[in-house]
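Please find below a colleague's note on the structure, arranged as numbered points. The points concern backbone geometry, sheets, helix packing and internal cavities.

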Amino acid sequence: MNPGLSRFLPGLTSATPGGLHLPDRAFDRRTFLALAGAGAGALTLAACAGPSTAAVGSTPTPTSTTDWAGVKPAKQISFWSNHPGGSQAVEKALVEKFNASQSAITVTLVTAGASYEEVAQRFQTALTGGGLPGLVMFSDVWWFRYYLNQSIIPLTSLLKAVKIDTADFRPSFYSDYQYAGEQWAVPYARSTPLFYYNKAHWAAAGLPDRAPTTWNEFAEWAPKLMGAGVGTQKAFQYPAVAGYAGWTFQNNAWGWGGAYSHDWDITIDADPVVSALDWIRKGVQEEKWAGVTANDQSADIASGAVSATVSSTGSLVGILKNANFDLGVGFLPGGPSATEPVCPSGGAGIGIPQAITPEEQLAAATFLKFLTLPENTIAFSAATGYIPTRTSADTSTLTAKAPQIKTAIDQIAVVRTQDRARVFLPGGDKAIADGFGRVVTQNEDPKTVLTAVKTQLQDIYTRDVKPKLV
């Protein structure tokens, strides 16, 4: 095990399932896989609508009135996780490290589901049936539902009470969980999309060894890749409709000068978004250089079936594990109207339930402080591929072994907060992804489809969101 990482996680050794191993040799794909943890695999961000959280009140409480100075932490709490990115081993080690570091609080790690949706279903059941955790993990499309239904507490005063240095969180990640003057979660397993490409295919096609600056530039490259005789099915593969589609299509919408929404104003049917989607449709249906994966675009590029794709930064681990070629990565391309910021944020955060005692909430925040210490975010990133959430975290052990992860970290500077239509509207992500699929895979008219999607999104806002807003 790498001595630098063993300093962070003494309980995670080569004998631990999914343990970290770092051979002392020049970087190659196996070295980075070892750095990332044998159990990591390809990371994906769940983007389905999932179950609806049950409302436990009417209007969310915007601020906390608890006097934390008079509260004593509970002795026991649980941490619910779906172990994103194959992170069970490193999460177990972090929990054990915390428990060994003090005797006042014991944390139990609970596998609450295999996906964010399964965790949400279990959390919903616990809201009415009891047995809530101290901390719960949720994806970018879940936390606002919890806020609307008063399922989680505002964290500002609590984070201050346990002296978490919130200014040290990466601003674009931390601000993702802010609404009504409060902080509702803390960033944890955070990621962005990256452009992945097969360097051997690029060389065969005579292309420069870099990601395209714009999508129109890639459209010029695509015929060269298709004609390079490298045996691919397509030059580019889009994400599955039920997976990443609603997340990554924001990149195209922004690059063409549009957006799914501006605050609560739904604009997904505006001309720039329609043009962006029609451009994608043409590449798939008419020009035939692009496809839509039936399963996982990361597996498609790793197998050599396609030359390029867009996927989570966390997918790097799985691709390096399975590919037998040099992998290139780059920032997301821009569009004809904007080249930055056109990269959406993404991933999971951690919140604290409202319907537990203040003692349990304080204990949860105490563990949350430990879990998000800079050195622990590095350990988590090394084991999964997610981006360290602390600006002060020393990423040299990661970037020295895997230059690709530096590109992911550098891209944070041009990350854009996601549109509310996707992440704030319950089921909004699914409505957007389904519309994307109808146009791209079924060749339907983008203006007609996006007009219908806008109606869906407006109905969700009027019915499920607007009545609960402060």
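1. The loop between β1 and α3 holds His 83. In this predicted model, His 83 has a positive phi of about 55 degrees, although the residue is not a glycine. As a rule, most residues other than glycine have a negative phi. This position may therefore be inspected beside the general expectation that most residues other than glycine have a negative phi.

2. A further backbone feature is the peptide bond from Glu 340 to Pro 341, which is cis, with omega near -10 degrees. Pro 341 belongs to the loop between β13 and β14 (343–344). In general, most peptide bonds are trans.

3. One open sheet has five strands in the order β2-β1-β3-β15-β6, and its pairing is mixed. At its edges are β2 (106–111) and β6 (186–191), each of which pairs on one side only. On average, neighbouring strands of this sheet are turned by 20 degrees against each other, with direction ignored.

4. Within that sheet, strand β3 (residues 135–139) pairs with strand β15 (residues 346–351) in the antiparallel sense, over four bridges. Phe 138 has Gly 349 in β15 as its bridge partner. Helix α4 (residues 116–129) packs on the sheet and touches β1 (76–81), β2, β3 and β15. The direction of α4 makes about 135 degrees with that of β3.

5. Another open sheet of five strands follows the order β11-β8-β12-β7-β13, again with mixed pairing. Why is one side of β11 and of β13 left without a neighbour in the sheet? Strands β11 (290–292) and β13 (327–330) stand at the edges and each has a single partner strand, so one side of each lacks a neighbour in the sheet. The twist from one strand to the next averages 25 degrees.

6. In the sheet that contains β11 and β13, strand β8 (residues 234–238) and strand β12 (residues 306–312) pair in the parallel sense over three bridges. Gln 237 stands opposite Thr 309 in β12. Helix α9 (residues 215–226) lies across β7 (193–198), β8 and β12, and runs at about 130 degrees to β8.

7. Helix α3 (residues 88–101) packs against helix α14 (residues 358–371) at an angle of about 115 degrees, with the axes 10 Å apart. The crossing of α3 and α14 is right-handed. From α3, the contact is made by Leu 94, Val 95, Lys 97 and Phe 98; from α14, by Thr 366, Phe 367, Phe 370 and Leu 371. The residues of this contact divide into six nonpolar, one polar and one charged.

8. How many cavities of 30 Å³ or more are found? The count comes to three, and the largest cavity has a volume of about 60 Å³. Its lining is formed by Trp 215, Phe 236, Tyr 238, Pro 239, Thr 248, Phe 249, Asn 251, Asn 252, Ile 280, Val 310 and Phe 436. By class, the lining residues of the largest cavity comprise eight nonpolar, three polar and no charged.

9. Which element gives the most to the lining of the largest cavity? Helix α10 does, with four residues. Both β8 and α10 (245–255) supply at least two residues each to the lining of the largest cavity. Strand β8 thus appears in two settings: β8 pairs with β12 in the parallel sense, and β8 supplies residues to the lining of the largest cavity.

Notes:
Residues are numbered from 1 along each chain as its sequence is written. This is a predicted model: local features need pLDDT of at least 70, side-chain atom pairs count only at pLDDT 80 or more; totals for chains, interfaces and linings use all residues. Side-chain values use heavy atoms; hydrogens and water are left out. Two strands pair if DSSP finds at least two bridges between them. Axes are lines fitted to C-alpha atoms, for helices over the stretch in contact, and angles run from 0 to 180 degrees between N-to-C directions. Contact means heavy atoms within 4.5 Å. On a 1 Å grid over the protein atoms alone, a cavity is a set of points where a 1.4 Å probe fits but cannot get out, and a pocket is an open set with protein on both sides within 12 Å along at least five of seven lines; lining residues have an atom within 4 Å of a point. Grid points are joined across faces, edges and corners, and a volume is the space filled by probe spheres set on the points. Ala, Val, Leu, Ile, Met, Phe, Trp, Tyr, Cys and Pro count as nonpolar, Asp, Glu, Lys and Arg as charged, and the others, Gly among them, as polar. A crossing is left-handed if the near helix is turned anticlockwise from the far one by less than a right angle, and right-handed if clockwise.
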